[in-house]
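Subject: Structure handover

Hello,

Here is the structure I promised to pass on. Please open it first, then read my notes below.

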Amino acid sequence: LNRRLAEFGTTIFAEMSALAARTGSINLGQGFPDTDGPEEVREAAVRALRDGHGNQYPPGPGVPELRTAIADHQRARYGLEYDPDREVLVTAGATEAIAAALLALVEPGDEVIALEPYYDSYAACVAMAGGTRVPVTLRPHEGRYVLDLDELRAAVTPRTRLILLNTPHNPTGTVLTRAELTAVAELAVERDLLVVTDEVYEHLVFDDAEHLPLATFPGMRDRTVTIGSAGKTYSFTGWKVGWTTASPELTAAVRSAKQFLTYVSSGPFQYAVAEALRLPDSYYDGLRADLQAKRDLLSDGLARAGFTVYRPRGTYFVTTDIRPLGADDGFAFCRSLPERAGVVAIPNAVFYDHREAGAPFVRFAFCKRADVLQEAVDRLGRLG
Ligand code: PMP
Ligand code: GLN
């Protein structure tokens, strides 16, 4: 393994899912729903397979039906206009979109600012691109993880190429506010930075939280690559269909990298996702309501079990602080949790460069059936 990748080892998600399987524990570690997405979308995939739509290499940028549906979605939801032919790219999940964007836009030696804790593939992809990651730490303040705007500003140097943003944010569940995003946008314009913004949890927001795409802010449309994923929005994480929307120049750059990573993305699923993108508002309302109830079930149960809970405003993850339970090492806690309680969770420290800043935090996923969450909560309540 080369030096760029040596520090990364096996992803925590594979490690923890294997631990869950080995110990027969409830897996609240890796974030994937235990209930598949809508029946009619699955049927659309079967139809596409049967009718021979996409069984051979689809077009590199993605099938036109899907690119048009993505452009329509961005217009209808956010008032953002993208030309399906020149400004939309279909990728093999958001994971490939992140990799292709960084490989296309980062020169060796460039600095990439990422919000810490960050999704684990960010660090690996920055490294594969030969860049240097510069973490800006989100910190808990009055029950919410906040972005310190002075710290963000101070992180920019003449070598900074881009900011890698994520809202709603995994693993903290923070949804960046209008004030925070305005500051990011102003900084990007002032210092002439690109932004790659991972908005895969755009539809998973709760209470009165609102997802605001960075590309809607002044000066941002043409310096932003926005990333979405059917895995999150329609609960088909195994299909690996994601996308980017960006200016023609940025889209062409990302496509240059994508064509040599996977060439094209899986064909029949693209037709099915095109149909999913046309689901009525009631689908999204139902998804949100269902997940919000599960958020509350898990958050309340964790609080009763003694954890300090950062009740998320978005995503399907809840971050907790284990110190009230007399522990302060999330790694050790997560390694012993299967044996102690039959539950698997993720130590947030893996998402930090400043590992000590993340040490006492542990993430639980709530995209699971209510009876599964209830059982997990009952078990955690007996931790003692
Ligand atoms: N970004 C974030 C923040 C995520 O949580 C995930 C989910 N694993 C991804 C990207 C990857 O998405 P996909 O499954 O579409 O590759
Ligand atoms: N996004 C999910 C998580 O954060 C799954 C990640 C993965 O398996 N790569 O848990």
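Keep in mind that this is a predicted model. I start with one helix. Helix α10 (residues 248-261) lies across β2, β9 (224-229) and β10 (242-245). It runs at about 25° to β2.

Now the sheet. It is open and has seven strands, in the order β2-β10-β9-β8-β7-β3-β4. The pairing is mixed. β2 (88-91) and β4 (132-137) stand at the edges with a single partner strand each, so one side of each has no neighbour in the sheet. From one strand to the next, the twist averages 20°.

β7 (residues 160-166) deserves a closer look. Six of its seven residues are buried, so to speak of it as mostly covered is fair by the 20-neighbour cut-off within 10 Å. On one side, β7 runs parallel to strand β3 (residues 111-116), joined by four bridges. Ile 113 stands opposite Ile 163 there, and Ala 114 has Leu 164 as its bridge partner. β7 also pairs with strand β8 (residues 194-198), again parallel, over five bridges. Here Ile 163 partners Val 195. With helix α8 (residues 178-190), β7 and β8 make a right-handed β-α-β unit.

Last, the ligand. Which residues are around ligand 1? They are Gly 93, Ala 94, Thr 95, Tyr 119, Asn 166, Asn 170, Asp 198, Val 200, Ser 229, Gly 231, Thr 237 and Gly 242. Three are nonpolar, eight polar and one charged. Helix α5 (residues 93-105) gives the largest share of this shell, three residues.

Best wishes

How values were computed: Residues are numbered from 1 along each chain as its sequence is written. Chains are lettered from A and ligands numbered from 1 in the order in which they are written. This is a predicted model: local features need pLDDT of at least 70, side-chain atom pairs count only at pLDDT 80 or more; totals for chains, interfaces and linings use all residues. A residue is near a molecule or strand if its C-beta atom, placed from the backbone, lies within 6 Å of it. Helices (H or I, at least four residues) and strands (E, at least two) are DSSP runs, numbered from the N terminus. Ala, Val, Leu, Ile, Met, Phe, Trp, Tyr, Cys and Pro count as nonpolar, Asp, Glu, Lys and Arg as charged, and the others, Gly among them, as polar. Two strands pair if DSSP finds at least two bridges between them. Axes are lines fitted to C-alpha atoms, for helices over the stretch in contact, and angles run from 0 to 180 degrees between N-to-C directions. Two residues are in contact if their C-beta atoms, placed from the backbone, lie within 7 Å. A residue is buried if 20 or more other C-beta atoms lie within 10 Å of its own, exposed if 12 or fewer, and partly exposed in between; C-beta atoms are placed from the backbone. A crossover is right-handed if, with the strands pointing away from the viewer, the path from the first strand over the helix to the second runs clockwise.
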